[in-house]
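Student: I would like to go through the labels attached to this model and check each one against its rule.
Tutor: Then let us take them one by one.

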Amino acid sequence: MMRRGLLRRLREFSMGFRGLISFLTIIPAGGKFEYAPRYFYLVPLIGLIEGLIAASPLLISKPIGAALSTALTYLINGFQHMDGFLDFGEALLTGRRGEEAVRVLKDPHRGSFALTLGLIDVLLVYSSLLSMGKETLITLPITEAAAAYVMFTTAYLGKPSEGGLGRLFIIEAKGNVKLTSSTLLYAAIIVAVPLLYHWGALIILITITVNALISELVALLTVKLSHSRLGFVNGDVLGFSFELSKVTLLTIYSALGYLLTVH
């Protein structure tokens, strides 16, 4: 009986994790979507996978590699996070609140605010990847893992909307055990990846500090803005938190890399 129960849980875990990959990325991992929200706390690992794939073009000539890598950061997740970034970003910039803000969020037609935000985001990601050296092979994977963790933390802190697929993930993100599990997984990633590339202890400490601060600030800020403008957190808000933390971290790493090179 115990063995049968263990096998059943392992099958469910496999179905759930693969379903999570299939839902959050364009990777055809299979699985079952109905199990995916239960394993949302594993999302930093999916962010790492996305980052490793997106970083691979950086091994070739820099301008083309940076352009391809930038494109992959959006393509690998099917533009889901960018879509949420544009929708919620436009709702924020219009200054609307309550039902009016929700109408802007759900409007399928994008305005000038959304287009400008998207352009700024792409330019910052591309210029950051272009300006960094070989350290980009490390900073991009841990940035994607961090952005995924911010998305989970936003779900953990946020009040779920009344409908939408995001509601399932936000509800399943509740619970200190899942938050602790996701945090430990995230911490392991941002320590292990630099160690594999033989970064020094000081640089790893700086990386951990920057990631921790930005992750906390972006999650708290996103939840506060979402609650005040919409009254809830939904899938678009989760995507916004992912994209905002990604572009912020890459910009900071680019600046730090420049300072280290100069000094």
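**Labels and their cut-offs**

Tutor: Lysine 178 and glutamate 172 form a salt bridge, their closest N and O atoms being 2.9 Å apart. The model is predicted, so local features need pLDDT of at least 70 and side-chain atom pairs count only at pLDDT 80 or more, while totals for chains, interfaces and linings use all residues. Residues are numbered from 1 along each chain as its sequence is written, and side-chain values use heavy atoms, with hydrogens and water left out.

Student: Why is the contact of lysine 178 with glutamate 172 called a salt bridge?
Tutor: A salt bridge is a side-chain nitrogen of Lys or Arg within 4 Å of a carboxyl oxygen of Asp or Glu. The N and O atoms of this pair are 2.9 Å apart, so the rule is met.

Student: Why is glutamate 172 called partly exposed?
Tutor: Buried means under 20% relative accessible area, exposed over 50%, and partly exposed in between (1.4 Å probe, protein chains only). Glutamate 172 has 27% relative accessibility, so it counts as partly exposed.

Student: How many salt bridges does the rule give?
Tutor: The count comes to 3. One of them joins the side chains of glutamate 12 and arginine 38, at 2.7 Å from N to O. Glutamate 12 lies in helix H1 and arginine 38 in the loop between H1 and H2, so the pair ties together parts 26 residues apart in sequence. Helices here are DSSP runs (H or I, at least four residues), numbered from the N terminus.

Student: What separates lysine 246 and glutamate 243 along helix H11?
Tutor: They are 3 residues apart in helix H11 (residues 235-262), which means about one helical turn. Lysine 246 and glutamate 243 form a salt bridge at 2.8 Å, and both residues are buried.

Student: Why is asparagine 77 called buried?
Tutor: Its relative accessible area is 2%, so asparagine 77 falls on the buried side of the cut-off. Asparagine 77 is found in the loop between helix H3 (62-75) and helix H4 (80-93).

Student: What makes the approach of asparagine 77 to phenylalanine 79 a polar contact?
Tutor: A polar contact is a pair of N or O atoms within 3.5 Å; within protein, one must be able to donate a hydrogen and the other to accept it, and residues adjacent in sequence count only if both atoms are side-chain atoms. The side chain of asparagine 77 reaches the backbone nitrogen of phenylalanine 79 at 3.2 Å, so the distance is within the limit.

Note on methods
Helix = DSSP H or I, 4+ residues; strand = E, 2+ residues; numbered from the N terminus.
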